[in-house]
Amino acid sequence: MHFTLRIDGTAAHITVHGEIDYTTLPTLRAAAAGLPPNVTELVWDLHDARFMDVAGLHLLFEQPSPQGPPRKTTVTNLAPQPLRLLVLATETIPALELAHLLPDTLPGTLLDD
């Protein structure tokens, strides 16, 4: 697994290339934690992340550090398996609130599959 990082103003886009699991979780957490303080939005692009286990849920749903700046986190370009995992997790634990992770432009029909 590797990732690419692009910062555009106050938004950071981290594109994951490979699997998201407990082996890769520390690297991805460190990438998010190392963002500049002026970044107020973090977008995880999972186009090239074809597999994600529960570690990905920890990455996407964990609360930001109280010492760090508040950031809106979204996820985009979900491959079928990570999307299914997110849907199953939020069906099982509704408090996870999948809707806050999805960009506003995502069609609702995607979740109905």
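The following points concern the fold, the charged residues, the helices and the confidence of this predicted model.

1. Overall confidence. The mean pLDDT of the protein is 87, and 89% of its residues reach 70 or more. Residues 105-113 call for separate treatment: pLDDT stays under 50 there. For that stretch the model has 5 contacts beyond four places in sequence.

2. Fold. The protein has 3 helices and 4 strands, arranged along the sequence in the pattern β-β-α-β-α-β-α. Of the contacts between residues at least 6 apart in sequence, 72% join residues at least 24 apart. Of the 113 residues in the protein, 38% are buried.

3. The salt bridge. A search of the whole structure finds 1 salt bridge. Glu-62 and Arg-29 form a salt bridge, with 2.8 Å between their closest N and O atoms. Glu-62 lies in the loop between helix H2 (54-61) and strand S4 (72-76), whereas Arg-29 belongs to helix H1 (residues 25-33), so the pair ties together parts that are 33 residues apart in sequence. Glu-62 is partly exposed, at a relative accessible area of 36%. Arg-29 is likewise partly exposed, with 33% relative accessibility.

4. A buried acidic residue. Asp-45 is located in strand S3 (residues 41-48). Although buried, Asp-45 has no salt bridge. The nearest side chain of opposite charge is that of Arg-6, 6.7 Å away. Since a salt bridge requires a side-chain nitrogen of Lys or Arg within 4 Å of a carboxyl oxygen of Asp or Glu, the 6.7 Å to Arg-6 does not qualify. The side chain of Asp-45 does, however, make a polar contact of 3.1 Å with the side chain of Asn-77. Leaving aside neighbours within four places in sequence, Asp-45 is in contact with Ile-14, Thr-15, Val-16, Thr-76 and Asn-77.

5. The partner Asn-77. Asn-77 sits in the loop between S4 and H3 and is partly exposed, at 42% relative accessibility. The backbone of Asn-77 merits inspection: phi is near 55°, a positive value in a residue other than glycine. Glu-97, in the segment after H3, also has a positive phi, of about 50°, although it is not a glycine.

6. Helix H2. This helix is mostly covered, with 6 of its 8 residues buried. The buried residues are Ala-55, Gly-56, Leu-57, Leu-59, Leu-60 and Phe-61. The buried residues of H2 pack against H1, S3, S4 and helix H3 (80-92). Asp-53 caps the N-terminal end of H2, where a side-chain oxygen of Asp-53 lies 2.9 Å from the backbone nitrogen of Ala-55.

7. Helix H3. H3 has 13 residues and reaches 18 Å from its first C-alpha to its last, close to the 18 Å expected at 1.5 Å a residue. Buried in H3 are Pro-82, Leu-83, Leu-85, Leu-86, Val-87, Ala-89 and Thr-90. The buried residues of H3 pack against H2 and S4.

8. Points for attention. What should a reader make of the charge on Asp-45, and which side chain of opposite charge is nearest? The nearest is Arg-6, and Asp-45 is buried without a salt bridge; the polar contact with Asn-77 is the one to examine alongside it. The positive phi of Asn-77 can be checked in the same view. Residues 105-113, with pLDDT under 50, should be read separately from the rest.

Methods: Residues are numbered from 1 along each chain as its sequence is written. This is a predicted model: local features need pLDDT of at least 70, side-chain atom pairs count only at pLDDT 80 or more; totals for chains, interfaces and linings use all residues. Side-chain values use heavy atoms; hydrogens and water are left out. Helices (H or I, at least four residues) and strands (E, at least two) are DSSP runs, numbered from the N terminus. Buried means under 20% relative accessible area, exposed over 50%, partly exposed in between (1.4 Å probe, protein chains only). Lys and Arg count as positive and Asp and Glu as negative; His and the chain ends are not counted. A polar contact is a pair of N or O atoms within 3.5 Å; within protein, one must be able to donate a hydrogen and the other to accept it, and residues adjacent in sequence count only if both atoms are side-chain atoms. Contact means heavy atoms within 4.5 Å. The expected span of a helix is 1.5 Å times one less than its number of residues. pLDDT is the predictor's confidence in each residue, from 0 to 100.
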